[in-house]
Amino acid sequence: MTTKYLLAFVTLIIVLVILINPCNACNKDPICKDVNSRFKTCEIFVVGITPFPSHTCCNNLIIMNDNVKCEYDGVRRYCSCIVNFSNSHDHLPYLQDRIGQLYIFCDIHLSFPISERMDCSKL
Ligand SMILES: *[C@@H]1O[C@H](CO)[C@@H](O)[C@H](O)[C@H]1NC(C)=O
């Protein structure tokens, strides 16, 4: 009986810790969900795996370039989403010349930076 009670208590605490995990709130700008899922389609090119960015990637960048204007503090938040996204998983390093080539292949001028490490607050 005591063991069961203890077990239930411990389970409750674990569930509470997961639910109230402060980092659910601290490191997630809601905007990042969209930014990450769009940027993800370009990562394979940015790390140098594919020779060209996909149409999906280019279309996503065009959409992001439009959306970023409509968001409060959009450029800084997009920058920070991408930095956090790049740090959230293992991947080959982002290549600076590939980021530049996105402009050419996708015929776009990005209004937000793509970087693994950057102090976005300085933008
Ligand atoms: C990125 O992560 C940092 C540190 O966890 C957090 O403070 C920041 O709010 C995050 N940025 C976004 C846009 O989610």
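This passage walks through a predicted model of a protein, from its overall make-up down to a few single residues.

To start with the big picture, the protein has six helices and zero strands. Read from one end of the sequence to the other, that gives the pattern α-α-α-α-α-α. The protein has 123 residues, and 32% of them count as buried. As for how the chain meets itself, take the contacts between residues at least 6 apart in sequence: 75% of these join residues at least 24 apart.

Helix H3, residues 32-46, is a good place to look more closely. H3 isn't straight, since there is a kink of about 40° centred on Lys40. Its buried residues are Cys32, Val35, Asn36, Arg38, Phe39, Cys42, Glu43, Phe45 and Val46. These buried residues of H3 pack against three other helices, namely H4, H5 and H6. Just past the end of H3 comes Gly48, with a positive phi of about 95°.

The partner helix H4 covers residues 55-70, and its axis comes within 7 Å of the axis of H3. The two axes cross at roughly 145°, and the crossing is left-handed. On the H3 side, the contact is made by Asp34, Val35, Arg38, Phe39, Thr41 and Cys42. H4 brings in Thr56, Cys57, Asn60, Leu61, Ile63, Met64 and Asn67. Sorted by character, the residues of this contact come out as seven nonpolar, four polar and two charged. Val35, Arg38, Phe39 and Cys42 turn up both among the buried residues of H3 and in its contact with H4.

Ile44 also sits in H3, but it is not among the buried residues listed for that helix. With a relative accessible area of 42%, Ile44 counts as partly exposed, because buried would call for a value under 20% and exposed for one over 50%. Leaving aside residues up to four places away in sequence, Ile44 touches Ile49 and Thr50. Ile44 and Leu92 are 48 residues apart in sequence, yet their C-alpha atoms are 9.0 Å apart in space.

Further along, Ser86 belongs to helix H5, which spans residues 74-87. Ser86 has a relative accessible area of 2%, so it is buried. Its side chain reaches the backbone oxygen of Val83 at 2.9 Å. That partner lies in the preceding stretch of the chain, and in general an α-helix has 3.6 residues a turn, so residues three or four places apart point the same way. Setting aside residues up to four places away in sequence, Ser86 also touches His91, Tyr94, Ser115 and Glu116.

Two aspartates deserve a word for their backbone angles. Most residues other than glycine have a negative phi. Asp73 goes the other way, with a positive phi near 60°. Asp73 is found in the loop between H4 and H5, and it counts as partly exposed at 32% relative accessibility. Asp107 likewise has a positive phi, of about 50°, although it is not a glycine. Asp107 lies in the segment after helix H6, which runs over residues 96-105. With a relative accessible area of 69%, Asp107 is exposed.

How values were computed:
Residues are numbered from 1 along each chain as its sequence is written. This is a predicted model: local features need pLDDT of at least 70, side-chain atom pairs count only at pLDDT 80 or more; totals for chains, interfaces and linings use all residues. Side-chain values use heavy atoms; hydrogens and water are left out. Axes are lines fitted to C-alpha atoms, for helices over the stretch in contact, and angles run from 0 to 180 degrees between N-to-C directions. Helices (H or I, at least four residues) and strands (E, at least two) are DSSP runs, numbered from the N terminus. A crossing is left-handed if the near helix is turned anticlockwise from the far one by less than a right angle, and right-handed if clockwise. Contact means heavy atoms within 4.5 Å. Ala, Val, Leu, Ile, Met, Phe, Trp, Tyr, Cys and Pro count as nonpolar, Asp, Glu, Lys and Arg as charged, and the others, Gly among them, as polar. Buried means under 20% relative accessible area, exposed over 50%, partly exposed in between (1.4 Å probe, protein chains only). A polar contact is a pair of N or O atoms within 3.5 Å; within protein, one must be able to donate a hydrogen and the other to accept it, and residues adjacent in sequence count only if both atoms are side-chain atoms. The bend at a residue is the angle between axes fitted to the seven residues ending there and the seven starting there.
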